[in-house]
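Dear colleague,

I am passing on a structure that you have not worked with before, and I would be glad if you could look through it with the notes below at hand. Please open it first, and then read on.

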Amino acid sequence: MAVGLSAIRKRFGSHFAVDGISANITEGEFFVVLGPSGCGKSTLLRMIAGLEHLDGGEITLSGRTVSGPGLHVPPERRDVGVVFQSYALWPHMDVGGNVAFPLESAGKSRRAARAEAETHLKTVDLMPFRDRRPAELSGGQRQRVALARCLAGGAHTVLMDEPLANLDPHLRSTMEEEIAAFHHRAGATTIYITHDQREAMALATRVAVMARGQFQQVAAPQDLYERPATAEVARFIGRSAILSATLQDGCAAIAGQQVPVTQQGSGACAVSVVIRPGDVRLGAGALTARLDRVFYRGGVWEGRAHVSGLEQGLPVSSPRPLRNGETVPLEIASGWVLPASSDAPGHDAGRQAPAEAVE
Ligand SMILES: Nc1ncnc2c1ncn2[C@@H]1O[C@H](COP(=O)(O)OP(=O)(O)OP(=O)(O)O)[C@@H](O)[C@H]1O
């Protein structure tokens with residue numbers, strides 16, 4: 001295990017910014033922490049980096065305890081590289097100098113450090129820019145310098161705190177590909193923080209959905225989408241409707257129809273069913289819906305389908321044009337039953353929040 005978090009807590013005044021998080025992050029994993037602003041993501045990262053002391057619990061890095069009761073290994077002795085959203089480059093040094101800096105600090109000669117820095121500049125495709133100063137680079141190029149410098153530091157574990165937050169959407173998606181390639185090449189265990197679910201889904205081996213200082217669910221992106229543990233996770237990841245239904249013989253009664261559903265374990269007959277766009281078939285079926293909130297999303301149209309008697313509109317998407325106000329036949333072909341308790345699928349993190357009431 002590369003990074004072990006055991007019931008870690010951090011309090012500011014009376015407020016727990018990190019409130020009992022446990023997780024085991026494996027060697028080489030790309031682990032994304034996803035959550036809304038203020039949920040405690042940066043505090044968690046700073047605790048792992050050694051920039052915050054813990055108020056409880058224990059952190060291990062490669063099996064070595066670095067934070068725990070009466071123990072706090074300083075940041076520079078943790079073998080951890082950090083990339084923040086502000087690039088933190090030296091403005092007076094050129095690109096090559098910035099990347100060579102950790103190598104020189106580690107005692108290499110200037111010449112050897114420069115030569116090694118070039119290998120890392122090649123990795124992020126920045127060799128043609130090695131003599132420029134940071135001020136002469138675009139945001140994306142600066143971020144790549146920060147990545148190369150992190151590589152040069154040779155850290156076993158890389159922590160990234162919203163590294164793409166300052167970039168425009170087009171550059172963000174290019175940089176996502178760069179970061180994925182960087183991870184593939186460098187192989188370092190990476191913990192990446194973001195509030196952007198699309199970014200999380202694109203990059204992660206596993207995603208931890210964080211809220212109010214706790215991990216709500218830790219799972220692979222597809223599992224999170226298809227088998228959310230709570231209503232909160234279902235709402236945070238992708239589009240969904242969450243409907244109350246009664247369950248019998250593997251089917252949920254929704255709007256007078258028997259909808260085949262998937263669930264974890266057995267249990268209650270009054271359940272909450274998550275419906276995703278892929279669960280709804282448009283164009284045929286026993287139900288009739290009126291569409292609104294229709295948007296064209298490049299290749300597909302998205303909208304909400306309102307069926308009489310249902311408490312929420314269903315999310316729909318179609319490769320054919322949809323129109324606001326049109327009436328369409330549809331069928332709900334499948335759904336996911338939210339686990340009633342904490343024995344949620346894919347959930348391997350410590351303290352858990354109860355499933356929320358359905359809106
Ligand atoms: N040094 C501090 N002193 C007091 N409160 C703090 C301190 N650092 C963070 N907090 C509080 O702890 C909570 C979590 O903050 P944190 O920065 O970890 O959230 P975040 O999820 O990273 O947010 P964002 O996405 O907006 O950066 C917030 O309520 C914040 O105000």
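To begin with one strand: is β11 (residues 214-219) mostly covered or mostly exposed, and how many of its six residues are buried? Please keep in mind throughout that this is a predicted model. The strand turns out to be mostly covered, since six of the six residues in β11 count as buried.

The partner of β11 is strand β10 (residues 206-211), and the two run antiparallel, joined by five bridges. One of the residue pairs to look for is V207, whose bridge partner in β11 is A219. Together β10 and β11 make a hairpin with two residues between the strands, and R212, which sits in the turn, has a positive phi of about 50 degrees.

This hairpin belongs to an open sheet of six strands, which follow one another in the order β7-β8-β9-β3-β10-β11 with mixed pairing. At the edges stand β7 (80-83) and β11, each of which has a single partner strand, so that one side of each is left without a neighbour in the sheet. From one strand to the next, the twist averages 20 degrees. Within this sheet, strand β8 (residues 157-161) pairs with strand β9 (residues 189-194) in the parallel sense over five bridges, and here L159 stands opposite I191 of β9.

There is also an open sheet of five strands, in the order β2-β1-β4-β5-β6, and its pairing is antiparallel. Its edge strands are β2 (15-25) and β6 (71-72), each of which pairs on one side only. Strand β1 (residues 3-12) is joined to β2 by eight bridges, the two strands running antiparallel, and R11 has F16 in β2 as its bridge partner. Across β1, β2, β4 (56-61) and β5 (64-68) lies helix α1 (residues 41-49), which runs at about 60 degrees to β2.

Helix α1 leads on to the ligand, because it is the element that gives the most to the surrounding shell, with three residues. The ligand is surrounded by F12, A17, G35, S37, G38, C39, G40, K41, S42, T43 and H195. By residue type, this shell divides into three nonpolar, seven polar and one charged.

When you go through the model yourself, you might start from the hairpin of β10 and β11, continue to the antiparallel sheet in which β2 and β6 are the edge strands, and finish at the ligand, with K41, S42 and T43 among the residues around it.

With best wishes

Conventions. Residues are numbered from 1 along each chain as its sequence is written. This is a predicted model: local features need pLDDT of at least 70, side-chain atom pairs count only at pLDDT 80 or more; totals for chains, interfaces and linings use all residues. A residue is buried if 20 or more other C-beta atoms lie within 10 Å of its own, exposed if 12 or fewer, and partly exposed in between; C-beta atoms are placed from the backbone. Helices (H or I, at least four residues) and strands (E, at least two) are DSSP runs, numbered from the N terminus. Two strands pair if DSSP finds at least two bridges between them. Two residues are in contact if their C-beta atoms, placed from the backbone, lie within 7 Å. Axes are lines fitted to C-alpha atoms, for helices over the stretch in contact, and angles run from 0 to 180 degrees between N-to-C directions. A residue is near a molecule or strand if its C-beta atom, placed from the backbone, lies within 6 Å of it. Ala, Val, Leu, Ile, Met, Phe, Trp, Tyr, Cys and Pro count as nonpolar, Asp, Glu, Lys and Arg as charged, and the others, Gly among them, as polar.
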